Amino acid sequence: MNFLAHAWLAGEEPADRLGGLIGDFVKGSLPAGLPPDLADGVRLHRGIDVFAETHPAFRRARARVPAERRRAAGILVDMFFDHFLARHWREFGSGSLRAFTAETYRLLGDLLGMEAR
């Protein structure tokens with residue numbers, strides 16, 4: 001559920017960024033009608049997830065979540081990382097966070113056939 005991090009890590013290619021956003025919602029095999037470049041973006045999302053979930057820092061962060069919340073630990077850590085990225089955008093991103101998110105919403109709106117607001 002770390003949409004900001006996935007969009008940022010995906011890079012500048014629109015299909016990769018969109019794949020980074022929708023990757024959490026595309027389960028199992030990739031749908032047959034998914035455009036190849038968007039499918040590549042979803043694969044990139046999945047690769048980022050595998051890397052993050054097996055990284056020692058992510059595992060340590062997840063282990064810090066109390067046992068009664070452990071089922072949601074991965075989601076909580078993802079959200080924390082998104083928060084950290086947003087708070088420190090100037091160190092990691094290029095341009096403003098507002099411009100990056102506006103462009104990302106525009107891309108998503110185009111994909112869904114909607115006007116982004």
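How much space lies in the largest pocket? In this predicted model, the answer is about 450 Å³. Let us start there and work outwards. The lining of the largest pocket is made up of 18 residues, and those nearest its centre are Asn2, Ala5, Leu9, Ala52 and Phe81. Two or more lining residues come from each of helix H1 (3-10), helix H3 (36-54), helix H4 (56-63) and helix H5 (73-87). By class, 12 of the lining residues are nonpolar, 3 are polar and 3 are charged.

Helix H3 deserves a look of its own, as it gives the most to this lining, with 5 residues. Its end C-alpha atoms lie 27 Å apart, which agrees with the 27 Å that its 19 residues should span at 1.5 Å a residue. Within H3, the buried residues are Leu38, Ala39, Gly41, Val42, His45, Ile48 and Asp49. A general point helps when reading such a list: an α-helix has 3.6 residues a turn, so residues three or four places apart point the same way. What covers the buried residues of H3 includes H1, helix H2 (14-22) and H7.

That brings us to H7, which spans residues 97-112 and contains Leu111. Is Leu111 buried or exposed? Leu111 counts as partly exposed because its relative accessible area is 39%, between the cut-offs of 20% for buried and 50% for exposed. Leaving aside residues up to four places away in sequence, Leu111 touches Leu18, Ile22 and Leu38. Leu38 is also one of the buried residues of H3. Finally, Leu111 and Ala15 are 96 residues apart in sequence, while their C-alpha atoms are 9.5 Å apart in space.

Definitions and conventions:
Residues are numbered from 1 along each chain as its sequence is written. This is a predicted model: local features need pLDDT of at least 70, side-chain atom pairs count only at pLDDT 80 or more; totals for chains, interfaces and linings use all residues. Side-chain values use heavy atoms; hydrogens and water are left out. On a 1 Å grid over the protein atoms alone, a cavity is a set of points where a 1.4 Å probe fits but cannot get out, and a pocket is an open set with protein on both sides within 12 Å along at least five of seven lines; lining residues have an atom within 4 Å of a point. Grid points are joined across faces, edges and corners, and a volume is the space filled by probe spheres set on the points. Helices (H or I, at least four residues) and strands (E, at least two) are DSSP runs, numbered from the N terminus. Ala, Val, Leu, Ile, Met, Phe, Trp, Tyr, Cys and Pro count as nonpolar, Asp, Glu, Lys and Arg as charged, and the others, Gly among them, as polar. Buried means under 20% relative accessible area, exposed over 50%, partly exposed in between (1.4 Å probe, protein chains only). Contact means heavy atoms within 4.5 Å. The expected span of a helix is 1.5 Å times one less than its number of residues.
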